[in-house]
Amino acid sequence: MVSVTELLDDPAINAYVLRMIGEAGIELLRRFPEDGEHSDEELAEITGVNLNTVRHTLYTLYERRLAEYRRLKNSETGWLTYLWHLRLDRIHDVIEEQVRDALEHLDARLAYEEKNDFYMCRNCSVIYTFTDAANWNFECPNCEEMLEHFDNELIAVALRKRIDRIKESLGSA
């Protein structure tokens, strides 16, 4: 099993995790005990990371299936304690899933760009589909200037290149 330090030494994984949980979250991960389960209060004490940051980080990781908890109920007080452990062994799958989601959105955007014809108001810098432009008799609804045809080929080319690079990185080109 790969250690937290080894994972965070990978620049791509480090950048992903940094965007997700920030510097304080990364500090928590670096100081997270490797053994057993720990409550958020214990983790704050052990790591020296602020309790609110510990909780925010754990919930963020939980949302991405990178942390799990077990809930214990105190039979006397009824208080619940959450005992946390990391599941960073899933990080590659989580990143791949998010890349696939991004690819799906880019594919949808490319389809939209390819199936529509666009018109732009040079005055307002607003772009409209042919249908909208035709509904307004090719006049900008904001300033009443005539709309001009907008060539979106550069956008489509950029989307295709990005899609191809992502597919190549996923090994499904």
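User: How much of residues 9-92 is helix and how much is strand?
Analyst: In this predicted model, residues 9-92 are 54% helix and 17% strand. The C-alpha atoms at the two ends of that stretch are 14 Å apart.

User: What does UniProt call that stretch?
Analyst: The UniProt record, an unreviewed entry, annotates residues 9-92 as "domain: HTH TFE/IIEalpha-type".

User: OK, strands next. How do S1 and S2 run, parallel or antiparallel?
Analyst: They are antiparallel. S1 covers residues 67-73, S2 covers residues 80-86, and 7 bridges join them.

User: Which residue in S2 is the bridge partner of Arg71?
Analyst: That would be Tyr82.

User: And what's going on in the turn of that hairpin?
Analyst: There are 6 residues between the two strands, and Gly78 takes a positive phi near 80°.

User: Let's talk cores. Which residues touch the most other members of the largest nonpolar core?
Analyst: Val17, Leu29, Leu61 and Leu86 do, out of 25 residues in that core. At least two core residues come from each of these elements: H1 (4-9), H2 (11-31), H3 (40-47), H4 (51-63), S2 and H5 (91-115).

User: Which of those gives the most?
Analyst: Helix H2, which supplies 8 residues. As a general point, nonpolar side chains tend to be buried together in soluble globular proteins.

User: Which residues does Leu61 contact, ignoring neighbours within four places in sequence?
Analyst: Leu61 is in contact with Met20, Ile21, Leu29, Leu66, Ala67 and Leu86.

User: Where's the other core, and how many residues does it have?
Analyst: The second core is separate and has 8 residues, including Leu106, Leu159, Ile166 and Leu170.

User: Back to Leu29. Is it buried or exposed?
Analyst: Leu29 is buried, because its relative accessible area is 1% and the cut-off for buried is under 20%. Leu29 sits in helix H2. Apart from residues up to four places away in sequence, it touches Val4, Leu8, Val17, Ile21, Leu61, Leu86 and Leu88.

User: How far is Leu29 from Thr57?
Analyst: Their C-alpha atoms are separated by 9.1 Å, with their positions 28 residues apart along the chain.

User: And what does Thr57 itself look like?
Analyst: Thr57 belongs to helix H4 and is also buried, at 1% relative accessible area. Setting aside neighbours within four places in sequence, Thr57 contacts Ile21, Gly25 and Leu28.

User: I also spotted Thr47. Where does it lie, and is it buried or exposed?
Analyst: Thr47 is in helix H3 and is buried, with a relative accessible area of 4%. Its side chain reaches the backbone oxygen of Leu43 at 2.5 Å. Beyond neighbours within four places in sequence, Thr47 is in contact with Leu28, Arg31 and Phe32.

User: Switching to aromatics: how many aromatic pairs are there?
Analyst: The structure holds 10. One of them is Tyr59 with Trp84, an edge-to-face pair at 5.6 Å centre to centre and 80° between the planes.

User: Why does that pair tie together separate parts of the chain?
Analyst: Tyr59 is in helix H4 and Trp84 is in strand S2, so the pair links parts that are 25 residues apart in sequence.

User: Are those two rings' residues buried or exposed?
Analyst: Trp84 counts as buried at 2% relative accessibility, whereas Tyr59 is partly exposed, with a relative accessible area of 41%.

User: What about Phe130 and Phe138, how are their planes arranged?
Analyst: That aromatic pair is tilted, at 5.7 Å centre to centre with 55° between the planes. Phe130 is partly exposed at 39% relative accessibility, and Phe138 is partly exposed with a relative accessible area of 24%.

User: Which residues form the aromatic cluster?
Analyst: Tyr59, Tyr62, Tyr69, Tyr82 and Trp84 form one cluster. You've met Tyr82 already, as the bridge partner of Arg71.

User: Last one, the start of the chain. Where is Ser3?
Analyst: Ser3 is in the segment before H1. Ser3 is partly exposed, with a relative accessible area of 25%. The C-alpha atoms of Ser3 and Arg30 are separated by 9.5 Å, although the two residues are 27 residues apart along the chain.

Conventions. Residues are numbered from 1 along each chain as its sequence is written. This is a predicted model: local features need pLDDT of at least 70, side-chain atom pairs count only at pLDDT 80 or more; totals for chains, interfaces and linings use all residues. Side-chain values use heavy atoms; hydrogens and water are left out. Two strands pair if DSSP finds at least two bridges between them. Helices (H or I, at least four residues) and strands (E, at least two) are DSSP runs, numbered from the N terminus. A nonpolar core is a set of buried Ala, Val, Leu, Ile, Met, Phe, Trp, Tyr and Cys residues joined through side-chain atoms within 4.5 Å. Buried means under 20% relative accessible area, exposed over 50%, partly exposed in between (1.4 Å probe, protein chains only). Contact means heavy atoms within 4.5 Å. UniProt positions are given in the numbering used here, feature names are shortened, and annotations may be inferred rather than shown by experiment. Rings of Phe, Tyr and Trp (its six-membered ring) pair if their centres lie within 6.5 Å; planes under 30 degrees apart count as stacked, over 60 as edge-to-face and the rest as tilted. A polar contact is a pair of N or O atoms within 3.5 Å; within protein, one must be able to donate a hydrogen and the other to accept it, and residues adjacent in sequence count only if both atoms are side-chain atoms.
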